[in-house]
Amino acid sequence: MVSGRPTAVWGFDGTLGHRRQGTWAECLLEVLDRQHPGHPFSQPQLFTALRSGFPWHDHHRPHPHLNTADRWWNHVTNVISSALRGLGLQAGTAAAVAHHTRDVYTDPAAWSLYPQAIAVLELLTSHGWDHILLTNHVPELPGLLDHLQLSGHLHAVINSADTGFEKPHPKAFASALAASAGCRYMVGDNHRADITGAQSAGLDAIWVRRNQPDDVPDLHTAVRLILGTEHRTETAAPRTWEVAPLHSEQTTPTAPFS
């Protein structure tokens with residue numbers, strides 16, 4: 001169902017929610033720690049090894065062939081296995097470790113929302129706004145959103161694992177615009193995927209910057225910008241705001257807007 005209400009488009013990982021201690025390199029480190037205690041690999045090594053091969057690393061090229069969960073994960077586990085072989089693991093061991101990343105990465109207990117997430121969504125909803133989630137994520141995302149009690153707050157969820165188009169590909173943003181005629185703002189933490197992509201699609205953008213992986217995005221300030229900024233005319237150029245991350249002592253839920 002297409003919405004005509006004003007709509008905010010949100011990123012997920014790093015914007016509304018996050019996986020404990022980080023994402024792919026940290027997940028792989030967890031698997032290695034469990035299966036091969038005393039292994040020689042560090043997080044920086046794994047991070048560097050995983051800097052290519054994922055669908056979003058080649059966002060210019062659509063991936064409609066990865067249109068089932070098993071096909072998507074077969075691709076990703078091959079990428080991980082290849083990275084581990086490049087670090088010196090034998091092929092059989094690398095394949096076994098890569099295979100287990102699926103269960104570990106998609107464990108709902110590993111995922112959390114940032115403290116302000118639900119409050120800011122409810123605040124905008126109370127002012128007549130809808131919400132769309134636009135994300136490059138795993139096929140199991142719907143189950144994670146249900147576990148986090150986020151699904152009921154969203155008008156639509158557009159996931160690259162379903163569409164085959166990773167942000168900032170124009171067709172990823174076109175899917176959001178097709179779901180709501182009222183799309184106005186993109187809020188995200190990744191400048192290339194979220195902010196550049198939004199600007200190209202004609203959306204105003206709010207970059208909730210995170211300087212370090214464990215920084216918390218300031219969603220409260222993002223919503224104050226949305227509610228306190230007059231909507232631009234269609235002929236005006238897209239605007240971008242930059243919001244600094246919160247300090248740890250500031251991660252309380254959003255106060256009422258006034």
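Visitor: Which residues of helix 10 are buried?
Guide: Happy to start there, with the note that this is a predicted model. Helix 10 spans residues 219–228. Counting a residue as buried when its relative accessible area is under 20%, the buried ones are Leu-219, His-220, Ala-222, Val-223 and Ile-226.

Visitor: Within what arc do the buried residues of helix 10 fall, seen down its axis?
Guide: Looking down the axis is a good way to see this. The buried residues line one face of helix 10, because they fall within an arc of 160°.

Visitor: What do the buried residues of helix 10 pack against?
Guide: One of the partners is a helix, namely helix 5 (117–126). The others are strand 1 (7–10), strand 6 (183–188) and strand 7 (204–208).

Visitor: Which strands stand at the edges of the sheet?
Guide: The open sheet has six strands in the order 5-4-1-6-7-8, with parallel pairing. Two of them have a single partner strand each, so one side of each is left without a neighbour in the sheet. These are strand 5 (156–159) and strand 8 (240–243).

Visitor: What is the bridge partner of Ala-8 in strand 4?
Guide: Strand 1 and strand 4 (residues 130–135) pair in the parallel sense over four bridges. Within strand 4, the partner of Ala-8 is His-131.

Visitor: What angle does the direction of helix 10 make with that of strand 7?
Guide: Helix 10 packs on the sheet, where it touches strand 1, strand 6, strand 7 and strand 8. Its direction and that of strand 7 make an angle of about 160°.

Terms used: Residues are numbered from 1 along each chain as its sequence is written. This is a predicted model: local features need pLDDT of at least 70, side-chain atom pairs count only at pLDDT 80 or more; totals for chains, interfaces and linings use all residues. Side-chain values use heavy atoms; hydrogens and water are left out. Buried means under 20% relative accessible area, exposed over 50%, partly exposed in between (1.4 Å probe, protein chains only). Helices (H or I, at least four residues) and strands (E, at least two) are DSSP runs, numbered from the N terminus. The arc is that of the directions from the helix axis to the C-beta atoms. Contact means heavy atoms within 4.5 Å. Two strands pair if DSSP finds at least two bridges between them. Axes are lines fitted to C-alpha atoms, for helices over the stretch in contact, and angles run from 0 to 180 degrees between N-to-C directions.
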